[in-house]
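User: I am new to reading protein models and would like to go through one slowly, with a reason given for each answer.

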Amino acid sequence: MPTRPSRATPHRPRAAPPRARTRLAARAASPVPGDTAEGKDKAGPKETPGGKESGAAAGTSPTDVPSASSPADVPACAPGSLGPAVASSAAPDSTGVVYGSFRVTNVSSDGCTVTGPGSVVTASLGAADADRIGTARHAAGDAAAGLPDPSLEAPSLTLAPGAAYEVQFAWVPSETCPTTGGPTGGGTGGPSPDPSPTGDTTTSAGSSAGGGGGGGGGGEAGPTTQLVTADGPAEGSVSVTYTPEGGSGSATATVSNACVGTVYWTGLLADPAA
């Protein structure tokens, strides 16, 4: 009897051992790099509504933040914003130095910025020598020791309505005024102090040297003396005129008994009364 061929048994894969199945499950559960919250943060900037980036990724820096109000934010003072300067001066000190100031007020209804110290010019009067009168900006250690320290000056000042600033000056004489003759006798530079006769002299007998007789009352008047002059200081003075930056009204202070010297002046100073 013929032998029946045997039917092939289909191949079935062997199941993995329990330990291998545990390893495969743990590997499948582990996260893929870049899928974690930390990985996402490193991958790119955080998105905000509207698609705009925020934080450091947006390129912001401290300089992008608007700054507080500064003088650059306030317009320069126009001529009509500042009232006319007001001048004042004190009596000379023990060395003959005269100190004074010019005060300028913002008379407008808005704040404005004074952008410079203005200008100071001088003029000589009487015996003052224009060629020997100068001006100079105040500096530490100069002859105007009574002026504020230059470190207190400002290159510009913002004035609120009604606020003011000052520019101070000092007249420092280098010589006294020259002397000249006066109406009292005995001076130099005037006529001779010796009296000069203005008429004919008389003889000891009382008759005129040119007369032919007659009493003593008939002669001419005796000699008279001429007035002589005396030395004294000449009258001289120096005017100091300040004009604010922008051309608003100027002011003038006059220093008397001033003939030769220098006017030292400061830059912008905050109003000490503010």
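The questions below go from the whole chain to single residues.

Analyst: This is a predicted model, in which local features need pLDDT of at least 70 and side-chain atom pairs count only at pLDDT 80 or more, while totals for chains, interfaces and linings use all residues. Residues are numbered from 1 along each chain as its sequence is written, and side-chain values use heavy atoms, with hydrogens and water left out.

User: How many helices and strands does the chain have?

Analyst: Helices (H or I, at least four residues) and strands (E, at least two) are taken as DSSP runs and numbered from the N terminus. Counted in this way, the secondary structure of the chain comes to 2 helices and 13 strands.

User: Which element gives the most residues to the largest nonpolar core?

Analyst: A nonpolar core is a set of buried Ala, Val, Leu, Ile, Met, Phe, Trp, Tyr and Cys residues joined through side-chain atoms within 4.5 Å, where buried means under 20% relative accessible area, exposed over 50%, and partly exposed in between, with a 1.4 Å probe and protein chains only. The largest core has 27 residues, and among the members that touch the most others are Phe102, Tyr165, Phe169 and Trp171. The elements that give it two or more residues include strand S2 (98-105), strand S7 (164-175) and strand S10 (236-243). With 4 residues, the element that gives the most is S7.

User: Are the rings of Phe102 and Tyr242 stacked or edge-to-face?

Analyst: Rings of Phe, Tyr and Trp (its six-membered ring) pair if their centres lie within 6.5 Å, and planes under 30 degrees apart count as stacked, over 60 as edge-to-face and the rest as tilted. A search of the whole structure finds 2 aromatic pairs. In the pair of Phe102 and Tyr242 the centres are 5.4 Å apart and the planes stand at 25°, so the pair is stacked.

User: How many residues apart in sequence are the parts that this pair ties together?

Analyst: Both partners are buried, Phe102 with a relative accessible area of 1% and Tyr242 with a relative accessible area of 0%. Phe102 lies in strand S2 and Tyr242 in strand S10, so the parts tied together are separated in sequence by 140 residues.

User: Which strands stand at the edges of the open sheet that contains S10?

Analyst: Two strands pair if DSSP finds at least two bridges between them. The sheet has 3 strands in the order S4-S10-S11, with antiparallel pairing. One side of each edge strand is left without a neighbour in the sheet, because each has a single partner strand, and these edge strands are S4 (119-126) and S11.

User: Which residue in S11 stands opposite Ser239?

Analyst: Ser239 has its place in strand S10, and S10 and S11 pair in the antiparallel sense over 6 bridges. If contact means heavy atoms within 4.5 Å, Ser239 touches Val121, Thr122, Ala123, Thr252, Ala253 and Thr254, not counting residues up to four places away in sequence. Ser239 counts as buried at 10% relative accessibility. The residue that stands opposite Ser239 in S11 is Thr254.

User: What is the phi of Asn257, and is this residue buried or exposed?

Analyst: Asn257 lies in the loop between S11 and S12. Most residues other than glycine have a negative phi. Asn257 is not a glycine, yet its phi is positive, at about 50°. Its relative accessible area is 59%, so Asn257 is exposed.
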